[in-house]
Amino acid sequence: MEVIKLQAIEILDSRGNPTVEAVITLDDGTSARAMVPSGASTGEREACELRDDDKKRYGGKGVLKAVENVNKIISDEIVGKYFVNQRELDYLMIELDGTPNKSKLGANAILSVSMAFARAEAASAGIPLYQYLGGANAHLLPVPCMNIINGGKHADNNVDFQEFMIAPHSPTTFREAIRMGVEVFQTLKSVLKKKGYSTGVGDEGGFAPNLKSNDEAVDVILEAITKAGYKPGVDVSICLDPAASEMWENGNYKLFKSTGKLISSDDMIKLWENWVNQYPIVLIEDGLAENDWIGWKNMTDLLGKRIEIVGDDLFCTNKAILAEGIEKGVANSVLIKLNQIGTVSETLETIELAYKNKYNAFVSHRSGETPDSFISDLTVAVNAGHLKTGSGCRGERVEKFNQLMRIENELGKYSKFAGKQAFKNAK
């Protein structure tokens, strides 16, 4: 189809910060929109999120420059043109930007157009977005890794580690997995309340209490799993995202929020080994800082045959960085965030590289989200098997779960729930 119109506007994300929304119209009348998320805990090598830096508007976080880049520069190049496929459009925008990290036009500007085009092309062809992105074999419904306790940069509490997630994996359908996860989440509220803890939620919908220790976060989750009627490790396991780059200080890790104690890379790895021995953990994401490559290699050698070790800040959904990690034997899985790299095509290329090298792909939202459910379709498209998109509350989080339930219903008997085998090396 020919692109006949492209328009972007500034909208708000789930934290009340500006972000970019783009709408594309094709010559058959099909129109589709896409909204771009934004992260708080970000990797140094992520693609550039272009902000205005005008302190008189939104504290400098406005995105009018990115919006203008869509409406003028990108629009002038693509309106009135036909595109054979997604890659042709995406690589035109990459070349138009001409920088290594999309700092000229902004990854938020480019991604809004890339996602909107994918959605419009799918609608024009009369097929679901997951099928447009993944083809006829897109059928696998993921285990929802639900972030039910928030810490780190995502909450104003004394918990150092950013995300404590549950992974309900024993059912045979996604719909049942969500039910189990929400029941554990709601039970956790009563567990925390009984202990006198706050039940206010953080950026991603998880509870954000002040606890006695980081360990207690896991302990209360295990108590909630049991009280909800499920068996830890059998029905529901634990996933962690410590976001360790936020604790990295002069070659060590500082537990800023709890004790203020400095520990070495080896000590941090030992901490994770002890936790894996003690708790039913199937996945650790960013257990070490993005610049601690030696530590990552050591952790992978020690724990990589037992659990899934995911690089987020480490890889930034970047194919070149992932290739370096594969060569060095670092991690065994890559976190996938569209706005870390800035186009749909590059995201799919990174996933393809991971699969070719027997790495998993773990699809993720951002802490500053929108109601856009693109990542739900992406997860099914690439048969990723697991995703994280927040807790069992907040509309911008549960909309992703709702979309996955719609997809499961649409696929019917041809869908499959990933279950525990979604996690690399999980026993």
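**An enclosed cavity and three helix pairs**

The largest cavity is lined by 15 residues, and those nearest its centre are P37, M115, L338, E369 and I375. Two elements each give two or more residues to this lining, namely α10 (338-341) and α12 (374-381). The cavity has a volume of about 110 Å³, and it is the largest of two cavities of 30 Å³ or more held by the structure, which is a predicted model. By class, the lining of the largest cavity comprises six nonpolar, four polar and five charged residues.

Helix α12 offers a natural way from the cavity to the helix packing. Alongside its part in the lining, α12 packs with helix α13 (residues 395-411), the two axes lying 8 Å apart at an angle of about 45°. Since angles from 35 to 65 degrees fall outside the parallel and perpendicular classes, α12 is therefore oblique to α13. The crossing of α12 past α13 is right-handed. On the α12 side, the contact is made by I375, S376, D377 and V380, and on the α13 side by K400, Q403, L404, I407 and L411. Five of these contact residues are nonpolar, two are polar and two are charged. I375 thus appears twice in the picture: it is one of the residues nearest the centre of the largest cavity, and it also takes part in the contact of α12 with α13.

A second pair is formed by helix α5 (residues 174-194) and helix α6 (residues 214-227), whose axes come within 8 Å and cross at roughly 120°. This angle makes α5 oblique to α6. Here, too, the crossing is right-handed, with α5 passing α6. From α5, the residues V184, T187, L188, V191, L192 and K194 meet V220, I221, E223, A224, I225 and K227 from α6. The contact of α5 with α6 counts eight nonpolar residues, one polar residue and three charged residues. T187 is in the α5 part of this contact, as is K194, while E223 and K227 are in the α6 part.

The third pair brings together helix α7 (residues 265-278) and helix α8 (residues 293-303), with axes that come within 10 Å and cross at roughly 25°. These two helices are therefore roughly parallel to each other. In passing α8, α7 makes a right-handed crossing. The α7 face of the contact is built from S265, D266, I269, W272, E273 and V276, and the α8 face from G295, N298, M299, L302 and L303. Sorted by class, the contact of α7 with α8 holds six nonpolar, three polar and two charged residues.

Taken pair by pair, the crossing angles are about 45° for α12 with α13, roughly 120° for α5 with α6 and roughly 25° for α7 with α8.

Notes: Residues are numbered from 1 along each chain as its sequence is written. This is a predicted model: local features need pLDDT of at least 70, side-chain atom pairs count only at pLDDT 80 or more; totals for chains, interfaces and linings use all residues. Side-chain values use heavy atoms; hydrogens and water are left out. Axes are lines fitted to C-alpha atoms, for helices over the stretch in contact, and angles run from 0 to 180 degrees between N-to-C directions. Helices (H or I, at least four residues) and strands (E, at least two) are DSSP runs, numbered from the N terminus. Angles under 35 degrees count as roughly parallel, over 145 as roughly antiparallel, 65 to 115 as roughly perpendicular and the rest as oblique. A crossing is left-handed if the near helix is turned anticlockwise from the far one by less than a right angle, and right-handed if clockwise. Contact means heavy atoms within 4.5 Å. Ala, Val, Leu, Ile, Met, Phe, Trp, Tyr, Cys and Pro count as nonpolar, Asp, Glu, Lys and Arg as charged, and the others, Gly among them, as polar. On a 1 Å grid over the protein atoms alone, a cavity is a set of points where a 1.4 Å probe fits but cannot get out, and a pocket is an open set with protein on both sides within 12 Å along at least five of seven lines; lining residues have an atom within 4 Å of a point. Grid points are joined across faces, edges and corners, and a volume is the space filled by probe spheres set on the points.
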